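Here is a quick walk through a fold, written for someone who would rather be at the bench. Have a look at the structure first, then read on.

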Amino acid sequence: MIPSAKSEGVETLKLHLRADGIPYEQEVKFHPVRKWRLDFALAGRLGVEIDGGIWVQGRHSRGAGMEADNEKNNEAVLLGWRILYFSTGQVKSGLAIDTIKRAM
């Protein structure tokens with residue numbers, strides 16, 4: 001399942017990236033066979049994932065969803081991606097954009 005492009009965390013991070021002039025691509029397919037996508041892809045093969053619903057037992061905080069995320073994320077790393085992970089709250093607080101700028 002592809003995360004909604006209209007999630008609060010995704011929309012907020014888009015605003016922060018634009019405000020800082022950081023180019024990005026959204027919903028980037030990174031695997032040659034699987035349909036996996038990264039929420040954001042930035043320069044230098046830096047990927048960003050926003051995990052929504054973590055406080056309401058959403059997909060990212062349940063066992064099966066976490067295992068699927070682990071498989072996807074490990075494959076991304078094996079393919080040369082560096083991945084940063086944030087909750088919606090971390091995006092809204094500014095932690096995500098600050099960390100992204102440090103990583104770049």
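## The sheet

Four strands make up an open sheet, lined up in the order β1-β2-β3-β4, with mixed pairing. At the edges sit β1 (25–29) and β4 (82–87), each of which pairs on one side only. Direction ignored, neighbouring strands of this sheet are turned by 40° against each other on average. Keep in mind that this is a predicted model.

Now zoom in on one pair. Strands β2 (residues 37–42) and β3 (residues 46–51) run antiparallel and are joined by three bridges. If you want a spot to click on, try Ala41: its bridge partner in β3 is Gly47. As a reminder, strands of a sheet pair through backbone hydrogen bonds, and they can do so in parallel or antiparallel fashion.

## Helices on the sheet

Helix α1 (residues 8–19) packs on the sheet, where it touches β1, β2 and β3. The direction of α1 makes about 10° with that of β2. Helix α4 (residues 95–103) lies across β2, β3 and β4, and runs at about 165° to β4.

## Where the two helices meet

How far apart are the axes of α1 and α4, and at what angle do these helices pack? The axes are 10 Å apart and the angle is about 45°. That angle falls between the 35 degrees below which a pair counts as roughly parallel and the 65 degrees where roughly perpendicular begins, so α1 and α4 are oblique to each other.

The crossing of α1 past α4 is right-handed. On the α1 side, the contact is made by Leu13, His16 and Leu17. From α4 come Ala96, Ile97 and Ile100.

## Two residues in the β1–β2 loop

His31 is found in the loop between β1 and β2, and so is Pro32. Which of these is buried and which exposed? His31 has a relative accessible area of 12%, under the 20% cut-off, so it counts as buried. Pro32 comes in at 65%, over the 50% cut-off, and therefore counts as exposed.

What does His31 touch? Leaving aside its neighbours within four places in sequence, His31 is in contact with Trp36, Glu75 and Leu79. A polar atom of the His31 side chain also lies 3.0 Å from the backbone nitrogen of Val33. Leu79 turns up again with Pro32: their C-alpha atoms are separated by 9.8 Å, though the two are 47 residues apart along the chain.

Notes:
Residues are numbered from 1 along each chain as its sequence is written. This is a predicted model: local features need pLDDT of at least 70, side-chain atom pairs count only at pLDDT 80 or more; totals for chains, interfaces and linings use all residues. Side-chain values use heavy atoms; hydrogens and water are left out. Two strands pair if DSSP finds at least two bridges between them. Axes are lines fitted to C-alpha atoms, for helices over the stretch in contact, and angles run from 0 to 180 degrees between N-to-C directions. Contact means heavy atoms within 4.5 Å. Buried means under 20% relative accessible area, exposed over 50%, partly exposed in between (1.4 Å probe, protein chains only). A polar contact is a pair of N or O atoms within 3.5 Å; within protein, one must be able to donate a hydrogen and the other to accept it, and residues adjacent in sequence count only if both atoms are side-chain atoms. Angles under 35 degrees count as roughly parallel, over 145 as roughly antiparallel, 65 to 115 as roughly perpendicular and the rest as oblique. A crossing is left-handed if the near helix is turned anticlockwise from the far one by less than a right angle, and right-handed if clockwise.
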